[in-house]
Structures are given as C-alpha cells and as structure tokens.
Amino acid sequence: PRAYLKNGQPMEILSAFSPQNRDADTRAFAALMRHLRQTDSDRHTVIMVQVENEVGMLIDARDHSPAANEAFAQPVPQKLIDYLKSNKVSLVPELRDLWKKKGFKTSGTWQQVFGKGLAADEIFMAWHYARYIEAVAAAGKAEHPLPMFVNAALIRPGHKPGQYPSAGPLPHLMDIWRAAAPSIDFLAPDIYFPNFAHWCAKYHQTGNPLFIPEAKLTPDAAAHAFYAIGQHNAMGFSPFSIESLEDPENAPLTQSYAILSRIAPLIFQYQPAGRTAGVLLDKDTRTRTIELGDYILTVSHDYTWGWSGGDPSADSWPRAGAILIATDPDQYTIAGTGIIVTFAPRQNGARAGILSISEGTYLDGQWTPGRWLSGDQSHQGRHLRIPAAQFGIQKIKLYSYR
C-alpha cells in the first residue's frame with residue numbers, strides 16, 4: 001500500500017497507515033537485531049542503530065490515502081493529549097504556540113486541536129510515522145536492546161510542509177516523536193546547510209542529546225566537529241562519505257579528529273561540570289564572548305588580526321572552531337583552528353595577565369608540553385593564537401592584577 005497525494009495520485013512512498021507495511025518492516029528489523037545479538041554481543045562492533053533514514057512526506061504534508069483520511073477525521077489520540085498536558089511548560093515553542101492558538105484544547109480532531117492547515121497535517125503525519133517506527137524499534141529492542149535513533153532531512157529556509165521531507169523527526173515536531181516513539185532514544189539532524197550552529201542548537205534542546213549522523217564533507221567540517229562537541233556536548237560527528245577524503249593523512253578533518261581523540265579525557269572530565277565551551281566563527285560571526293572559569297574569554301577569528309596573513313577582504317573566511325576547557329579557575333586548555341583568544345577577569349576593575357602559554361599534546365591523558373609561546377607567538381603576552389589552516393592544542397595560565 002502506497003501513500004497518496006491530495007489529488008488521488010499514488011506515490012512511491014509506502015503508506016505508514018498500512019499494517020502490512022508495518023508488520024513487514026517489524027519482522028525484518030527484528031531479524032536484523034537478532035542477527036546482531038547472535039554475532040556481535042561479545043565484541044559490540046555495533047553500538048547503536050538508526051531505525052529508518054530521513055523519513056518524511058513529499059510533495060504533500062501528509063498521506064491522503066483512504067486509511068490516512070479516515071485516521072485524520074478521528075480524535076487526536078489520548079496518548080498524545082496526555083503527553084501535551086504533562087509537558088505543557090516544556091514543549092518546544094513551535095508546538096506549544098500552535099496548541100495555544102486553539103486554547104490548549106484537550107479533545108477533538110487534529111484540526112480542532114491544532115488548527116486547519118499544513119501545520120496540523122504535518123503533526124498528524126509525524127504522529128503516525130513515529131507510531132509506525134515505534135513498532136519497528138520496539139520489536140528490534142526486544143531482540144537486542146541497543147540504543148536507537150532516527151535522523152532528519154532538514155528544512156530549507158522559507159519552505160513549508162510538503163516542500164521538504166515533512167513530518168520527520170524535526171525540531172518543531174520533537175515532542176510529537178517523543179510521545180509516539182518512546183523506544184527511540186534520541187533524534188538526530190543530517191546537517192548539509194551552512195547554518196550549522198543553528199541546527200546544533202535546535203537538536204540540543206529539552207533533553208535531546210546531540211548526535212550528527214550526517215554532515216557535509218567540506219574543509220569546514222573540521223571546525224564543525226570542535227564546535228558541536230565543545231558547545232553542545234555532541235556524542236558524535238559523522239560527515240557523509242568520510243572515506244572519500246582526498247589525501248586523508250593530511251586532511252583538516254583528520255587533524256581535527258586527532259586532536260579530539262587526544263583531549264577526550266579532558267572533555268569527559270570537565271564537560272559534566274559545565275567547564276567546556278565551543279566556538280564557530282566565520283566572516284559573518286567574527287567574535288564570541290564566553291564566561292568560563294574566573295575569566296571572560298573573547299574569541300575572534302584569526303582574520304580579524306592585522307598580522308594573521310589571511311585576506312579579510314575575501315568574500316568568505318574559512319571557518320574557525322575550537323573547544324575551550326577550564327581545567328582550573330585561571331587555567332585553560334584550548335584546542336582548534338583559526339582563533340585568537342583574549343582574557344578579562346570577571347572582577348570589576350581587574351586586568352588579566354598571561355603567566356604562560358605552551359603548545360603540546362596529551363598522551364594517555366597526560367599533558368606533554370612542546371614550545372613555550374611567551375613572545376611573538378602570543379603577541380608579547382596579549383593573546384593566545386592558533387592560526388587559520390593550522391590545528392593545535394595550547395595550555396594557558398593566567399593571573400589578574402590591578
């Protein structure tokens with residue numbers, strides 16, 4: 001059974017309203033998970049599973065098959081109403097605002113509770129997609145209870161439901177998916193758009209952990225990895241077709257991953273206490289200010305400095321990214337590419353001095369210093385700098401004076 005367009009035309013997309021489709025997927029997925037349990041339980045090669053790939057409706061916001069139309073005319077399921085009532089204060093803003101416009105109704109059809117139009121169509125479809133996938137995921141977990149997630153194709157600016165893969169696990173539908181599919185452990189974005197930071201924030205909200213199963217494989221990906229992990233505690237970052245990197249030994253992403261692997265013990269140690277941050281900079285976002293430890297850190301793109309060697313008049317700047325870790329109130333480990341960092345004490349009237357900067361690496365969690373950067377490399381004690389197109393780890397110790 002296929003999904004139908006509003007005009008009655010059948011589509012290539014299988015209908016989520018078909019028990020036959022759901023049961024066939026459920027049997028196949030349960031068999032896959034049974035096979036994983038039988039062959040991989042000891043080694044744990046597979047650590048989590050994506051249940052479906054970029055589920056969504058095109059070119060309508062919902063399925064218009066006879067079964068779907070019949071379901072659309074029915075009341076909103078009590079399970080969803082109960083979830084909305086229990087989580088009224090913490091719902092994602094888009095859903096809460098839509099429900100508020102209809103007076104927070106707790107009974108009625110989809111249009112009565114969420115209004116007439118594409119938004120209600122998409123919410124309805126998201127519920128049924130998620131219920132379908134819940135059946136599949138639950139059957140798989142019964143065989144082998146690995147963490148499971150679903151990923152989303154994102155929305156182009158200005159596009160309406162039906163113009164993008166609608167009703168998938170998108171940020172504005174996050175609560176619908178949570179209510180309908182409790183066997184899904186988290187929702188994940190496939191980020192191919194340039195507004196990378198925007199989508200990271202959208203998926204790192206209301207308790208959803210960030211994992212990026214697909215991302216555009218460009219030189220910017222190296223900076224994106226630092227930002228996603230440093231700022232949003234990302235569990236992982238997986239650019240699409242990573243095996244296709246040219247010159248993989250020297251690729252920016254390889255250098256970024258090497259640094260991340262070395263500082264992983266620090267991230268694990270200090271991230272739970274809120275002592276890490278991430279930055280992502282380019283020509284449009286040149287500077288960020290962060291309060292971390294006892295100091296206020298101003299992080300700027302390397303091209304903002306007159307002696308950087310970059311071309312500030314270029315139409316675009318290479319993206320810069322970094323992780324900043326406060327290992328002590330006056331000591332930081334900073335790793336990344338293309339950044340300049342200055343410091344100011346949180347105390348009013350005090351000034352910051354740099355006691356020492358060294359570059360180096362971590363081996364088995366232990367700092368191994370290299371050069372001391374106490375002269376021209378720190379602009380005579382004015383800043384910490386990791387130049388554009390270079391990758392590094394630096395450790396800095398500060399003091400304050402009046």
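In this predicted model, the charged end of K88 sits over the ring of F104, at 4.0 Å from the centre of that ring. A second charged residue is placed in a comparable way, for R62 lies over the face of F72, and here the distance to the ring centre is 4.1 Å.

F72 leads on to the aromatic residues, since F72 belongs to one aromatic cluster together with F17, W110, F114 and F124. Rings can also pair with one another, and the count of aromatic pairs comes to 16. One of them joins F17 and F124, whose ring centres are 5.5 Å apart and whose planes stand at 20 degrees; because planes under 30 degrees apart count as stacked, this pair is stacked. The two partners come from distant parts of the chain, with F17 in the loop between strand 2 (10-14) and helix 1 (19-40), and F124 in helix 6 (residues 118-143), 107 residues apart. F17 and F124 are both buried.

F124 has a further aromatic partner in W110, and this pair is edge-to-face, with 5.4 Å from centre to centre and 75 degrees between the planes. Here too distant parts of the chain are linked, although the separation is 14 residues, with W110 in helix 5 (residues 110-114) and F124 in helix 6. How exposed to their surroundings are the two partners, or how buried? W110 has a relative accessible area of 1% and F124 one of 0%; since buried means under 20%, W110 is buried, and F124 is buried as well.

From these rings we can turn to the nonpolar interior. In soluble globular proteins, nonpolar side chains tend to be buried together. In this protein the largest nonpolar core has 91 residues, and those with the most contacts inside it are F114 and W177. Helix 6 supplies the largest share of this core, namely 12 residues. The surroundings of W177 can be listed by name: leaving aside residues up to four places away in sequence, W177 touches V55, A126, Y129, A130, I133, V150, A167, G168, P169 and L187. Apart from the largest core lies another core, of 24 residues, which includes A277, V279, L297 and L324.

The strands bring us to another part of the picture. Six strands form an open sheet with antiparallel pairing, and their order is 7-10-11-16-13-14. Which strands stand at the edges of this sheet? They are strand 7 (276-281) and strand 14 (366-372); each has a single partner strand, so one side of each is left without a neighbour in the sheet. From one strand to the next, the twist of this sheet averages 30 degrees.

At the strand 14 edge, strand 13 (residues 351-363) and strand 14 pair in the antiparallel sense over five bridges, and Q366 in strand 14 is the bridge partner of L363. Strand 13 and strand 14 form a hairpin with two residues between them, and D364 in the turn has a positive phi of about 55 degrees.

Two helices lie across strands of this sheet. Helix 9 (residues 221-232) lies across strand 7, strand 10 (320-328) and strand 11 (331-337), and runs at about 145 degrees to strand 7. Helix 10 (residues 252-270) lies across strand 7, strand 10, strand 11, strand 13 and strand 16 (392-401), and runs at about 45 degrees to strand 10.

Another open sheet, also antiparallel in its pairing, is formed by four strands in the order 8-9-12-15. Its edges are strand 8 (287-292) and strand 15 (384-386), and because each has a single partner strand, one side of each is left without a neighbour in the sheet. In this sheet the twist averages 20 degrees from one strand to the next. Strand 8 and strand 9 (residues 295-301) run antiparallel and are joined by six bridges, and T287 stands opposite S300 in strand 9.

With these parts in view, we can step back to the whole protein, whose secondary structure comes to 10 helices and 16 strands. The C-alpha trace spans about 75 × 50 × 40 Å along its principal axes, and of the 402 residues 50% count as buried. Among the contacts with a separation of 6 or more, 70% are accounted for by residues 24 or more positions apart.

Terms used
Residues are numbered from 1 along each chain as its sequence is written. This is a predicted model: local features need pLDDT of at least 70, side-chain atom pairs count only at pLDDT 80 or more; totals for chains, interfaces and linings use all residues. Side-chain values use heavy atoms; hydrogens and water are left out. Rings of Phe, Tyr and Trp (its six-membered ring) pair if their centres lie within 6.5 Å; planes under 30 degrees apart count as stacked, over 60 as edge-to-face and the rest as tilted. Buried means under 20% relative accessible area, exposed over 50%, partly exposed in between (1.4 Å probe, protein chains only). A charge sits over a ring if NZ of Lys or CZ of Arg is within 6 Å of the ring centre and within 35 degrees of the ring normal. Two strands pair if DSSP finds at least two bridges between them. Axes are lines fitted to C-alpha atoms, for helices over the stretch in contact, and angles run from 0 to 180 degrees between N-to-C directions. Contact means heavy atoms within 4.5 Å. A nonpolar core is a set of buried Ala, Val, Leu, Ile, Met, Phe, Trp, Tyr and Cys residues joined through side-chain atoms within 4.5 Å.
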